[in-house]
Amino acid sequence: MGIWRRLLLFGGVSLRAGGGATAPLGGSPAMVCRRQLSGAESETLKQRRTQIMSRGLPKQKPIEGVKQVIVVASGKGGVGKSTTAVNLALALAANDSSKAIGLLDVDVYGPSIPKMMNLKGNPELSQSNLMRPLLNYGIACMSMGFLVEENEPVVWRGLMVMSAIEKLLRQVDWGQLDYLVVDMPPGTGDVQLSVSQNIPITGAVIVSTPQDVALMDAHKGAEMFRKVHVPVLGLVQNMSVFQCPKCKHKTHIFGADGARKLAQTLGLEVLGDIPLHLNIREASDTGQPIVFSQPESDEYWNTIISGEAY
C-alpha cells in the first residue's frame with residue numbers, strides 16, 4: 001500500500017494530531033533567579049501568559065461552507081509542498097467520491113496551483129460579488145495565479161499581501177466543502193500567521209526532503225504551528241529515494257530517513273514517503289497530477305496514502 005493511501009487512513013473522519021510540549025524558556029542559571037512554583041501557581045501563570053499573548057489577535061472565523069481545513073506547509077521552498085497539496089486534494093476525492101474538495105493556493109509570490117491543475121483564466125463573480133473557484137478534476141481551486149498574468153511578478157509589500165490573503169480567505173464562494181486543502185508558502189512569516197490566526201484549522205501537514213538543511217526549516221515550521229495552537233498531523237518525506245529505471249538500484253540522493261528522525265524528535269507520525277520519480281515531476285509540469293493521470297502506477301499508491309490519513 002502506498003504513501004497517499006496511508007495518509008488518508010491516518011486521520012479518518014476526525015484527524016489525529018501530534019502533540020508536543022512547549023519549549024522551556026532559556027537563560028543563564030547565573031543570571032536568572034528562579035523560585036519553585038506549586039502546581040496551582042504554575043497553571044495560573046500559564047493561563048495568564050496565554051491571556052496576555054492572545055490580546056490583539058484576530059478572532060478566528062470559519063470559512064463559510066467549509067467543514068475542515070488542512071494546511072500543507074514547509075519551512076523550505078522547493079521540497080515538493082505544492083505537488084503534495086495537489087495530490088493530497090485529489091487523493092481525498094479519490095478515496096471518497098461523496099466528499100467535496102477545494103484547493104486554496106495562498107503562495108502569493110509563487111503560485112503553482114494553476115499550472116499543476118491545468119487551469120487558466122479569471123474567476124467569475126457571483127451575485128454576492130464573491131469569486132467563484134475554477135474547477136478541474138473535480139477539485140474547486142483558487143489561487144493568486146488566477147488574478148495576475150502568468151509571467152507577471154507580484155512585487156508587493158506586507159500590507160498588500162495581507163489584503164490579498166484576506167480576499168482569498170473571505171471573498172471566495174466555495175459552496176459546500178468537506179475539505180479545503182491550503183497550499184501555504186514556505187517559511188514561518190506573515191502569511192502563515194495570518195492564515196493560522198484568522199481561520200480554524202483542522203491540522204497541518206509538514207513536507208520536507210530528508211536533507212538536513214530542509215529538515216531544519218521543517219522543524220521550525222512544525223514548532224510555529226504548535227505555538228499558534230494548530231495541530232500538526234505529521235510529516236511527509238518527499239524525494240525520499242531515487243530508483244534507477246534501468247538497473248533498479250536505489251539511491252538516497254537527499255539522505256535516508258531524515259524526516260523519520262525528525263518525526264521521532266517531535267513526537268509525530270510520518271504520513272508517507274514519496275520517491276523522487278520522473279513520472280511525478282512530468283505529471284505535475286503537464287497539469288495532470290499523478291493521482292489523476294496514472295492511478296494504476298506505483299507512484300499513485302505512494303501518493304494516495306497521504307490522502308487516506310484524513
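**Figure 1. What covers the buried residues of helix α6 in this predicted model.** The cover over the buried residues of α6 includes helix α5 and helix α7. The residues of α6 that are buried are Val191, Gln192, Ser194, Val195, Ser196 and Asn198. Among these, Val191, Ser194, Val195 and Asn198 also belong to the contact with α5, which is the subject of the next view.

**Figure 2. The crossing of helices α5 and α6.** Two packed helices are described by the angle between their axes and by the distance between those axes. Here the axes of α5, residues 158-170, and α6, residues 190-198, come within 10 Å of each other and cross at roughly 35 degrees, and the crossing in which α5 passes α6 is right-handed. On the α5 side the contact is made by Val161, Met162, Ile165, Glu166, Leu169 and Arg170, while α6 contributes Asp190, Val191, Ser194, Val195 and Asn198. Sorted by class, the residues of this contact are six nonpolar, two polar and three charged. An α-helix has 3.6 residues a turn, so residues three or four places apart point the same way.

**Figure 3. The open sheet of eight strands.** The strands of this sheet follow the order β3-β4-β2-β5-β1-β6-β7-β10, and their pairing is mixed. At the edges stand β3, residues 134-136, and β10, residues 270-274; each has a single partner strand, so one side of each is left without a neighbour in the sheet. From one strand to the next, the twist averages 25 degrees.

**Figure 4. The edge of the sheet at β3 and its partner β4.** Strand β3 pairs with β4, residues 139-143, in the antiparallel sense, and three bridges join the two. Within this pair, asparagine 136 stands opposite isoleucine 139 of β4.

**Figure 5. Helices α7 and α8 packed on the sheet.** Helix α7, residues 212-227, packs on the sheet and touches β1 (66-73), β6 (203-208) and β7 (232-238). The direction of α7 makes about 170 degrees with that of β6. Helix α8, residues 258-266, also packs on the sheet, where it touches β7 and β10, and its direction makes about 165 degrees with that of β7.

**Figure 6. Strands β6, β7 and β10 side by side in the sheet.** Strands β6 and β7 pair in the parallel sense over five bridges, and the bridge partner of isoleucine 206 is leucine 235 in β7. On to the edge of the sheet, β7 and β10 run parallel and are joined by four bridges, with valine 236 standing opposite glycine 272 in β10. Strand β7 is mostly covered, seven of its seven residues being buried. Although β10 stands at an edge of the sheet, five of its five residues are buried, so β10 is largely enclosed by the rest of the structure.

**Figure 7. The whole chain and the confidence of its prediction.** The chain holds eleven helices and ten strands, and 47% of its 310 residues count as buried. Of the contacts in the chain with a separation of 6 or more, 79% are between residues 24 or more positions apart. The mean pLDDT of the chain is 83, with 79% of the residues reaching 70 or more. Over residues 11-35, however, the pLDDT is below 50, and this stretch has 35 contacts in the model beyond near neighbours in sequence. Where pLDDT is low, the predicted coordinates should not be read in detail.

Definitions and conventions
Residues numbered from 1 in each chain as written. Predicted model: local features only at pLDDT ≥ 70, side-chain atom pairs only at ≥ 80, totals over all residues. Heavy atoms only, no water. Axes fitted to C-alpha atoms, helices over the stretch in contact; angles between N-to-C directions. Left-handed = near helix turned anticlockwise from the far one by under 90°. Contact = heavy atoms within 4.5 Å. Nonpolar A, V, L, I, M, F, W, Y, C, P; charged D, E, K, R; others polar. pLDDT = per-residue confidence, 0-100. Pairing = 2+ DSSP bridges. Buried < 20%, exposed > 50% of the residue type's maximum accessible area, 1.4 Å probe, protein only.
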